[in-house]
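User: I am new to this structure and should like to learn how its features are read. Could you guide me through them?

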Amino acid sequence: MFEGFALSEIDVGEARLRVRTGGSGPPLLLLHGWPQTHLMWGKVAADLARDFTVVAPDLRGYGGSTGPATAPDHEPYSKRAMGRDVLALMRGLGFERFDLAGHDRGGRVGYRLALDHPQAVRRLAVLDIVPTFEVYSRADMAMGLGYWHWFFLAQPHPFPERVIEANPDWFFFRGGPGPYAPKALADYLEAARRPSVIHAMCEDYRAGATYDFAADRADREAGRRIDVPTLVLWGARGALPRWYDVMAIWRDWAGDVRGREIDAGHFIPEEAPAETLAALREFFRQ
């Protein structure tokens, strides 16, 4: 995994990010989801690095990255705050404009960055999400039971933290290997056993239910839309196609949208790396 990549820790001001970089060519930022680290891209990163300069960080508070102290409004773990981190990261590496692919929480950071800083994002790919505003405003029994962790993790500190700390391996990964590469799973588990990472993950979801939802709603009310080409990929065997008309939702949020199902569940880059790689390569080469 990540053969030929350099591993470093980079101070971006509000956080210190663990980052892998490799390859050459146009810059491509890869952002991971919950409850993972940047190693979730390990099955596709080396191939992408043949065409792009790939940058894969851990989000603030996740994996090997540090984060700031939390706050009552949860802004320090909002997607806007995480977007500031990766914008500073890319600028520090010399990239004022770049492509971005984000899975799960990383996709939420990606579309927030494209809304807040459209000049920085050339093309955006979001994997297996619809916007946070849509998730909460359309919530019903199926969503509440299927995405129950959205509501559990958003409960006030320290309730979810204490429950998870009792057995983080089981809570996050149910004691099984799933679709993850052994090296990636070991990295996820090492991070997920640390109370600081558990707290950051909970703050991420608390921010989602408050600060992020409000930011999305403000954009909707103001008529702001994503104005960069956007690729939407989702798992055919996951929850999204059962609950949403995925493309119709994203067409309300962005002007230039294309997308399709991938034969996978939620963890698309790990379950279907070849198909994911082909879709990302085709999109970002344009």
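Analyst: The following turns treat one helix and then several salt bridges, all in a predicted model.

User: How is the length of helix H3 checked, and what should its 12 residues span?

Analyst: The check rests on a rise of 1.5 Å a residue, so the 12 residues of H3, 105–116, should span 16 Å. The C-alpha atoms at the ends of H3 are 17 Å apart, which agrees with that expectation.

User: How many residues of H3 are buried?

Analyst: A residue counts as buried when its relative accessible area is under 20%. In H3, 11 of the 12 residues are buried, and the helix is thus mostly covered. Among them are Arg105, Val109, Tyr111, Arg112 and Leu115.

User: What is the general idea behind a salt bridge, and how many does the structure hold?

Analyst: Side chains of opposite charge can pair when their charged atoms come close. The structure holds 30 salt bridges. One of them joins Glu14 to Arg84, with the closest N and O atoms 2.8 Å apart. Glu14 lies in the loop between strands E1 and E2, whereas Arg84 belongs to helix H2, so the pair ties together parts that are 70 residues apart in sequence.

User: Are Glu14 and Arg84 buried or exposed?

Analyst: Glu14 is partly exposed, at a relative accessible area of 35%. Arg84 is also partly exposed, its value being 30%.

User: Which residue forms a salt bridge with Asp85?

Analyst: The partner of Asp85 is Arg60, and their closest N and O atoms are 2.6 Å apart. This pair links distant parts of the chain, 25 residues apart: Asp85 is in helix H2, and Arg60 is in the loop between strand E4 and H2. Asp85 counts as buried, at 1% relative accessibility. Arg60 likewise counts as buried, at 1%.

User: Where in the chain do Glu161 and Arg206 lie?

Analyst: Glu161 and Arg206 meet through their side chains in a salt bridge of 2.8 Å, N to O. Glu161 is in helix H7 and Arg206 in helix H10, 45 residues apart, and the pair thereby links distant parts of the chain. Glu161 is buried, at 1% relative accessibility. Arg206 is buried as well, with a relative accessible area of 3%.

User: Which residues are linked in a network of salt bridges?

Analyst: Such a network links Arg80, Arg112, Asp116, Asp216, Asp219 and Arg224. Of these, Arg112 has already appeared among the buried residues of H3.

Terms used. Residues numbered from 1 in each chain as written. Predicted model: local features only at pLDDT ≥ 70, side-chain atom pairs only at ≥ 80, totals over all residues. Heavy atoms only, no water. Helix = DSSP H or I, 4+ residues; strand = E, 2+ residues; numbered from the N terminus. Expected span 1.5 Å × (residues − 1). Buried < 20%, exposed > 50% of the residue type's maximum accessible area, 1.4 Å probe, protein only. Salt bridge = Lys/Arg side-chain N within 4 Å of Asp/Glu carboxyl O.
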